[in-house]
Amino acid sequence: MPYDPDTTAVVVVDMQNGFCHPDGSLYAPASEAAVDDVAALVDRAHDAGARGVYTREHVLEGSWEAELVDELDVAPADHVVEKHTYDAFHETDLDGWLSARGIDDLLICGTLANVCVLHTAGSAGLRDYRPVLVEDAIGYIDEADHEYALDHADWLFGETTTRDAVGFRPTC
């Protein structure tokens, strides 16, 4: 089923230098490996007219490590969320920003699968959004953590898909 670009956002969780670059203090090789897949998903969404949301972990605030990786193109219509916990909705403006734009479907990607990705997706589900984890655009430390997050999300509150399966309806 194609997504409506007017009511869909790609939520990119914590794709920052600190997690995705080999010089980062919290580097995970699978997070670096996900960068191109995340960027391709965002580009496809932008081409269709959908928006992007980028979260940034607060613990690295103001440093090179806190910056989003260079491969991601933040468009003017996108939104950057400075989060304070694993959950990008907790005490941020994310819910209000999405609601004000009529966005219901969230294609969630980024890093780390069993931490910030899973907590953000769970919180989205509790707020009546449709969280869909894009399994081949999610970084992790251990493969078992990745599988746990996908299984848990699929069973409890959302769906999973692959990048290739994501399509968007044409806009008029």
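In this predicted model, K83 has a relative accessible area of 0% and therefore counts as buried, since the limit for that class is under 20%. The side chain of K83 meets that of D14 in a salt bridge, with N and O 3.0 Å apart. This pair links distant parts of the chain, for D14 lies in the loop between β1 and α1 and K83 in strand β3, 69 residues apart. D14 is likewise classed as buried, because its relative accessible area is 1%. A network of salt bridges links D14, E57 and K83.

**Salt bridges**

The structure holds six salt bridges. Three of them are set out below.

| Pair | N to O separation | Separation in sequence |
|---|---|---|
| D14 and K83 | 3.0 Å | 69 residues |
| D37 and R163 | 3.1 Å | 126 residues |
| R130 and D105 | 3.6 Å | 25 residues |

D37 and R163 meet through their side chains. D37 belongs to helix α2 (residues 29–48) and R163 to the segment after β6 (159–161), so the salt bridge ties together parts that are 126 residues apart in sequence. D37 is partly exposed, because its relative accessible area is 22%, whereas R163 is buried at 16%.

R130 forms a salt bridge with D105; R130 is in strand β5 and D105 in strand β4. R130 is partly exposed, with a relative accessible area of 22%, while D105 is buried at 13%.

**Strands and their pairing**

In a regular strand the side chains alternate between the two faces of the sheet. Strand β3 (residues 79–83) shows such alternation: H79, V81 and K83 point to one face and are buried, while V80 and E82 point to the other face and are not buried. Strand β1 (residues 8–13) is mostly covered, with six of its six residues buried. T8, V10 and V12 point one way from β1 and A9, V11 and V13 the other way, and all are buried.

Which strands does β1 join? Six bridges connect β1 to strand β4 (residues 105–110), and the two run parallel; in β4, G110 is the bridge partner of V13. Five bridges connect β1 to β2, again in a parallel arrangement, and A9 stands opposite R51 of β2. Strand β2 (residues 51–57) also pairs with β3 in the parallel sense, over five bridges. The bridge partner of Y54 in β3 is V80.

**Backbone geometry**

Most residues other than glycine have a negative phi, and most peptide bonds are trans. E91 has a positive phi, near 55°, and is not a glycine. E91 is found in the loop between β3 and α3 (94–100) and is exposed, because its relative accessibility is 65%. D128 also has a positive phi, about 70°, although D128 is not a glycine. This residue lies in the loop between α4 and β5 (130–138), and D128 is exposed at a relative accessible area of 71%.

The peptide bond that joins T111 and L112 is cis, with omega about -10°. L112 lies in the loop between β4 and α4 (113–126).

**Surface charge and helix α1**

A patch of negative charge on the surface is formed by E32, D36, E67, D70 and E71. E71 is placed in the loop between β2 and β3 and counts as partly exposed, because its relative accessibility is 44%.

F19, by contrast, is in helix α1 (residues 17–20). Is F19 buried or exposed? Its relative accessibility is 10%, so F19 counts as buried. The C-alpha atoms of F19 and T161 are separated by 23 Å, and the two residues are 142 residues apart along the chain.

Terms used: Residues numbered from 1 in each chain as written. Predicted model: local features only at pLDDT ≥ 70, side-chain atom pairs only at ≥ 80, totals over all residues. Heavy atoms only, no water. Buried < 20%, exposed > 50% of the residue type's maximum accessible area, 1.4 Å probe, protein only. Helix = DSSP H or I, 4+ residues; strand = E, 2+ residues; numbered from the N terminus. Pairing = 2+ DSSP bridges. Patch = residues over 30% accessible without salt bridge, like charges linked within 9 Å, V, L, I, M, F, W, Y side chains within 5 Å. Areas by Shrake-Rupley, 256 points an atom, 1.4 Å probe, with all protein chains shown as cover. Salt bridge = Lys/Arg side-chain N within 4 Å of Asp/Glu carboxyl O. Lys, Arg positive; Asp, Glu negative; His and termini not counted. Charge placed at Lys NZ, Arg CZ, Asp CG, Glu CD.
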